[in-house]
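Thanks for coming. I have one model to go through today, and I will start with the sheet and work outwards.

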Amino acid sequence: MAESVIPTGTDGAEPPLDGRIAALRDEARSALSATRDADGLQEWRNRYVGRSGEVTLLLRSVGSLPADERAAFGQAANRLKNELQASFDERESEITSAAGPAGAIDVTLSGRHPIRGRLHPITQTVREITSAFGAMGFQTFEGPEVELERYNFTAMNIPADHPARDMFDTFWLDRVDEDGDRSILLRTHTSPMQARIMESQEPPIRVVIPGRCYRYEATDASHEWHFYQVEVLAVDEGITFADLKGTLYEFARQVFGPECKVRFRCDFFPFVEPGVEMAVNCFNCDGDPACRICRGSGWLEIMGAGMVHPEVLRRAGYDPGRYTGFAAGMGVERVAMLKHGIEDIRHFYANDMRFLSQF
Ligand code: FA5
């Protein structure tokens, strides 16, 4: 038994048994009233009533006493144990209620940092593209992803059975109209919004339309079966090919920086005449034949563009003799890949936080 707990007489002799119990009671009580928090309570419990506590040891010592003293001492030690346990419970509830209703909350602990969300890199790129055009006076519109065949194809000068429909491998919805033709699809490009905008507004028109598109194609490093495009449309009197070049070049400088170079080459789309593809210089090389990104050409195509076909204007109810316009459709993932040097489009939709948290 610890000397500090069981006082001995001044002459070194053991005090009487009930004196030892009384001394331990006094000491334990005053230690209990000095406790201030949960840690202090735990420490007290270990010291007095825990498995190796003073009272427990006292009880264990009963067996070593002379037989005629055991019963009285054992009862007194048990009483002490129960009494101290009751005092402990009381003190514990005093301390807990003094800590306030939340009890266990320690307001001095530092908080946990919440995980901050961020915009997906494609959303960031869409916003960057639309704000570059916004600075040139273009308004942003959105439209349906589930589209009517007549907007996706017919209004864009791609009638049924036109070979140009092969350019767009299409996801059709399982619905046929009264002629037995399929009439609803997941839009293959944002160009149908040209027709929707033109039938609802009069020129002058300057709009950009971001949105998701779907194509029934195999995926690879630069192709996804779903991807974003931003459509650009300007229609007014006197719009020329020079406006198309100037606007798209300015967009490229805004998004890729003032050193960016662009290249226009002839291309075919049934809804523009003439049609072009626009490419920007490769971020990875300067025409290195071994470059995996541009395959040695030094250029990366990011959009199709051209002067709005007179037939598309006519179908929309505009007079092609009076109005002209230009249109473009760019791949947002391709723009993001160029800007950030990303080699594989599939990273964007793999939901890997190691990739996404870089943006
Ligand atoms: C079109 O979709 C035309 N509607 C673009 C257009 C609009 C031309 C207005 C003229 C006037 P194209 O199929 O080339 O064109 O697609 C345009 C861009 O979308 C491509 O340059 C590319 O950046 C992106 N794109 C096309 N297919 C995919 C795909 N499977 N995965 C990722 N991006 C794609």
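Strand 6 and strand 7 run antiparallel, joined by 6 bridges. Strands here are DSSP E runs of at least two residues, helices are H or I runs of at least four, and both are numbered from the N terminus. Two strands pair if DSSP finds at least two bridges between them. The two strands form a hairpin, with 4 residues between them. One pair to look at is phenylalanine 264, whose bridge partner in strand 7 is methionine 278.

Before I go further, a word on the source: this is a predicted model, in which local features need pLDDT of at least 70 and side-chain atom pairs count only at pLDDT 80 or more, while totals for chains, interfaces and linings use all residues. Residues are numbered from 1 along each chain as its sequence is written, and side-chain values use heavy atoms, with hydrogens and water left out.

Back to strand 7, at residues 272-281. On its other pairing, strand 7 runs antiparallel to strand 8, residues 299-308, over 8 bridges. Glycine 275 has glycine 306 in strand 8 as its bridge partner. How many of the 10 residues of strand 7 are buried? The count is 7, so to speak of the strand as mostly covered is fair. Buried means under 20% relative accessible area, exposed means over 50%, and partly exposed is in between, with a 1.4 Å probe and protein chains only.

Strand 7 also holds proline 274. The peptide bond from glutamate 273 to proline 274 is cis, with omega near -5°. There is another cis bond, between proline 203 and proline 204, with omega about 5°. Proline 204 sits in the loop between helix 7, residues 192-200, and strand 4.

Now the whole sheet. It is open, has 7 strands in the order 1-4-5-9-8-7-6, and its pairing is mixed. Strand 1, residues 139-140, and strand 6, residues 262-267, are at the edges with a single partner strand each, so each has one side without a neighbour in the sheet. In general, strands of a sheet pair through backbone hydrogen bonds, either parallel or antiparallel. The parallel sense appears between strand 1 and strand 4, residues 205-214, over 2 bridges. There, threonine 140 stands opposite valine 208 in strand 4.

Next, the loops. Isoleucine 293 is in the loop between strand 7 and strand 8. Is isoleucine 293 buried or exposed? Isoleucine 293 is buried, at a relative accessible area of 18%. Leaving aside neighbours within four places in sequence, isoleucine 293 is in contact with Cys282, Phe283, Asn284, Leu300 and Glu343, where contact means heavy atoms within 4.5 Å. Of these, glutamate 343 is 50 residues away along the chain, and its C-alpha atom is separated from that of isoleucine 293 by 6.8 Å.

The loop between helix 6, residues 149-152, and strand 3, residues 184-186, contains aspartate 161. Aspartate 161 has a positive phi of about 70° although it is not a glycine, and it is exposed at 80% relative accessibility. Serine 183 lies in the loop between helix 6 and strand 3 as well, but serine 183 is buried, at 11%. Not counting residues up to four places away in sequence, serine 183 touches Glu147, Leu148, Glu149, Trp172, Arg175 and Asp177.

Asparagine 351 is in the loop between helix 10, residues 332-340, and helix 11, residues 353-356. Phi of asparagine 351 is also positive, near 55°, and at 61% relative accessibility the residue counts as exposed.

Finally, the chain as a whole. Its secondary structure comes to 11 helices and 9 strands. The radius of gyration is 41 Å, well over the 21 Å from the globule rule for 359 residues, so the chain is more spread out than a compact globule. That radius is taken over C-alpha atoms, and the rule is 2.2 Å times the number of residues to the power 0.38. Along the principal axes, the C-alpha atoms fill a box of roughly 125 × 55 × 35 Å. Of the 359 residues, 41% count as buried. Among contacts with a separation of 6 or more, 64% are between residues 24 or more positions apart.

That is what I have; questions are welcome.
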